[in-house]
Amino acid sequence: MPSILILNGPNLNLLGQREPAQYGHNTLADVEALCMEAGKRLGVEINCLQSNHEGVLIDAIHEAGRGVAAGEVLGVVFNAGAYTHTSVALHDAIKGAEVPVIEVHISNVHAREAFRHHSYISPAAAGIVVGFGVDGYVLAIEGLVRKTR
Ligand code: DQA
């Protein structure tokens, strides 16, 4: 069964307690359970990883790229958190690993502070899902499956 990596960046481990007006009341465990459910429905294996460390996220993207090359991985659903707005290294990792990435943001970053309007991930992404709350992860999984099957 092909797999999809659900990759969450910094501070997303605090979902549920962190700024609920922006991000809602679901925890990261709730989000991962939603993703698992979607995976079952769509016939894809779901693997989940969250890290607050840029290098760990880069390594995970490289590994996913090797999985894509081996025909085992469809791609990555990636909420890079604040690294979205700062990380050339994550942009380069996605391009270098040649991995289809669907960028997800729980909140509508374009309706928020100006520093959230620019994404280093978007130009390297295969698709973008923004502002649908945690349902965005499920939409991204569905989109990735449609794009890659
Ligand atoms: C976020 C938006 C980012 O600007 C922020 O730094 C996050 C979460 C979102 O899911 O809406 O950590 O990626």
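**Exercise 1. Strand 5 and its partner**

Task: State which residues of strand 5 (residues 127–130) lie on the covered face and which on the uncovered one, then find the strand that pairs with strand 5.

Solution.
Step 1. Gly127 and Val129 form the covered face of strand 5, while Ile128 and Val130 form the uncovered one. Strands (E, at least two residues) and helices (H or I, at least four) are DSSP runs, numbered from the N terminus.
Step 2. In a regular strand the side chains alternate between the two faces of the sheet.
Step 3. Strand 5 pairs with strand 4 in the parallel sense, over four bridges; two strands pair if DSSP finds at least two bridges between them.
Step 4. One of the residues bridged is Ile128, the partner of Glu103.

The structure is a predicted model, in which local features need pLDDT of at least 70 and side-chain atom pairs count only at pLDDT 80 or more, while totals for chains, interfaces and linings use all residues. Residues are numbered from 1 along each chain as its sequence is written, and side-chain values use heavy atoms, with hydrogens and water left out.

**Exercise 2. The surroundings of strand 3**

Task: Determine how many residues of strand 3 (residues 73–79) are buried, and describe how strand 3 pairs with strand 1 and strand 4.

Solution.
Step 1. Buried means under 20% relative accessible area, exposed over 50%, and partly exposed in between (1.4 Å probe, protein chains only).
Step 2. Seven of the seven residues of strand 3 are buried, so this strand is largely enclosed by the rest of the structure.
Step 3. Strand 1 (residues 3–8) pairs with strand 3 in the parallel sense over six bridges. Opposite Ile6 stands Val77 of strand 3.
Step 4. Strand 4 (residues 101–105) and strand 3 also pair in the parallel sense, over three bridges. Here Phe78 has Glu103 of strand 4 as its bridge partner.
Step 5. Helix 4 (residues 88–97) joins strand 3 and strand 4 in a right-handed β-α-β unit. Right-handed means that, with the strands pointing away from the viewer, the path from the first strand over the helix to the second runs clockwise.

**Exercise 3. The two sides of helix 2**

Task: Compare the span of helix 2 (residues 28–42) with its expected value, and locate its buried residues and the exposed ones on the opposite face.

Solution.
Step 1. The expected span is 1.5 Å times one less than the number of residues. For the 15 residues of helix 2 it is 21 Å, and the end C-alpha atoms are 21 Å apart, which agrees.
Step 2. Leu28, Val31, Cys35, Ala38 and Gly39 are the buried residues of helix 2. They lie on the same side of helix 2, because they cover an arc of only 105° around the axis; the arc is that of the directions from the helix axis to the C-beta atoms.
Step 3. Ala29, Glu37, Lys40 and Arg41 are exposed on the face turned away from the buried side.
Step 4. The cover over the buried residues includes strand 1, strand 2 (45–50) and helix 5 (135–148).
Step 5. Gly43 follows helix 2 and has a positive phi, near 75°.

**Exercise 4. Cys35 and Cys48**

Task: Find how many disulfides the structure has, and give the accessibility of Cys35 and Cys48.

Solution.
Step 1. A disulfide is a pair of cysteine sulfur atoms within 2.5 Å. The search of the whole structure finds zero disulfides.
Step 2. The sulfur of Cys48 is 5.7 Å from that of Cys35, its closest cysteine sulfur, and this is too far for a bond.
Step 3. Cys35 has 0% relative accessibility and therefore counts as buried. Cys48, at 26%, counts as partly exposed.

**Exercise 5. Positive phi outside glycine**

Task: Locate Glu19 and Glu98, and give the phi of Glu19 and of Glu98.

Solution.
Step 1. Most residues other than glycine have a negative phi.
Step 2. Glu19 lies in the loop between strand 1 and helix 1, with a positive phi near 35°. Its relative accessible area is 43%, so Glu19 is partly exposed.
Step 3. Glu98 lies in the loop between helix 4 and strand 4, and has a positive phi of about 50°. Glu98 is exposed, with a relative accessible area of 66%.

Terms used
Contact means heavy atoms within 4.5 Å.
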